[in-house]
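Welcome, and please have your viewer ready. We will take this one selection at a time.

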Amino acid sequence: MKNPVQWLRSLAFTVQMYLAMLVLGIVFAPWAVVSPKGARTACKTYARWVIWTARWMVGIRCELRGQVPDGEVIVAAKHQSFLDIIMIFNAVPSARFIMKRELMWTPVIGVYAKRLGCVPVNRGKRGAAIAKMVKDVAKESTEPGQLIIYSQGTRVAPGAKKPYKIGTAVLYEGLSQPCIPAATNVGVFWPRSGIYRKPGLAVVEFLEPMQPGIRRAEFMEQLEELVETRSDALMREAGFNPGQTVPQV
């Protein structure tokens with residue numbers, strides 16, 4: 001049964017989080033229009049605001065583990081909710097995301113994503129989408145940065161299973177960059193949808209780099225094993241049994 005006080009705190013947190021997105025988006029807009037640095041500063045400010053307010057409003061503490069990636073790398077991350085996006089973006093120096101095309105047309109998020117050099121993907125076209133993604137990544141690579149990709153292609157609730165998509169391996173081969181797997185347990189506290197937030201320690205953990213040169217099938221097998229095993233361990237640490245699914249409220 002949900003705690004009604006915690007539900008109200010979660011509602012207040014969610015409302016202020018989106019209001020802050022709108023306000024900061026407007027305040028930083030003039031700088032963001034003329035400079036990608038302005039867009040990045042706005043997004044970093046917003047990420048820190050969300051992390052700070054999550055702590056005192058709903059009791060979610062955020063922790064990073066492992067070596068934070070820098071330089072030109074691919075970060076292949078487990079994706080459970082909006083919180084892992086916020087934590088990764090705040091942690092790495094110069095993140096840009098592989099993201100579904102529809103988000104590029106949303107207010108505030110879409111505008112800033114374009115300024116950051118995020119790469120849209122049409123998930124419905126599969127092979128053609130992968131080829132275009134690689135081309136677009138190369139086109140946007142004007143300065144060193146960390147390319148964030150969610151290998152399952154969507155948010156996956158704790159306990160749910162979703163296959164890993166080949167796009168990560170294609171980028172890994174095409175860019176010849178190290179791949180940093182990233183595990184998380186954030187969905188235990190902040191679900192992929194719904195309002196209710198549970199107090200606890202949300203963790204994103206950067207794992208050991210996978211250096212260029214691993215064959216495609218082996219790379220995908222290793223990546224899934226590393227991320228899923230470590231994510232399950234983090235969820236167990238948070239008191240969640242990975243054999244069950246968190247209900248969305």
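## A guided tour

Start with the whole chain and its surface: the accessible area is about 12100 Å² (Shrake-Rupley method, 1.4 Å probe), and 60% of that surface belongs to carbon and sulfur atoms. You are looking at a predicted model, where local features need pLDDT of at least 70, side-chain atom pairs count only at pLDDT 80 or more, and totals for chains, interfaces and linings use all residues. Residues are numbered from 1 along each chain as its sequence is written, and side-chain values use heavy atoms, without hydrogens and water.

Now colour by secondary structure. The chain shows 7 helices and 7 strands (DSSP runs numbered from the N terminus: helices are H or I with at least four residues, strands E with at least two).

Next, select the strands. They form an open sheet with mixed pairing, in the order β1-β7-β6-β2-β5-β3-β4 (two strands pair if DSSP finds at least two bridges between them). At the edges are β1 (60-65) and β4 (119-121); each has a single partner strand, so one side of each lacks a neighbour in the sheet.

Zoom in on residues 95-100, which are strand β3: this strand pairs with β4 in the parallel sense over 3 bridges. Which residue stands opposite Pro120 in β4? Select Met99 to find the answer.

Finally, add two helices. Helix α3 (residues 82-91) lies across several strands, including β1 and β7, and runs at about 55 degrees to β7 (angles run from 0 to 180 degrees between N-to-C directions, with axes fitted to C-alpha atoms, for helices over the stretch in contact, meaning heavy atoms within 4.5 Å). Helix α6 (residues 167-175) lies across β2, β3, β5 and β6, at about 155 degrees to β5.
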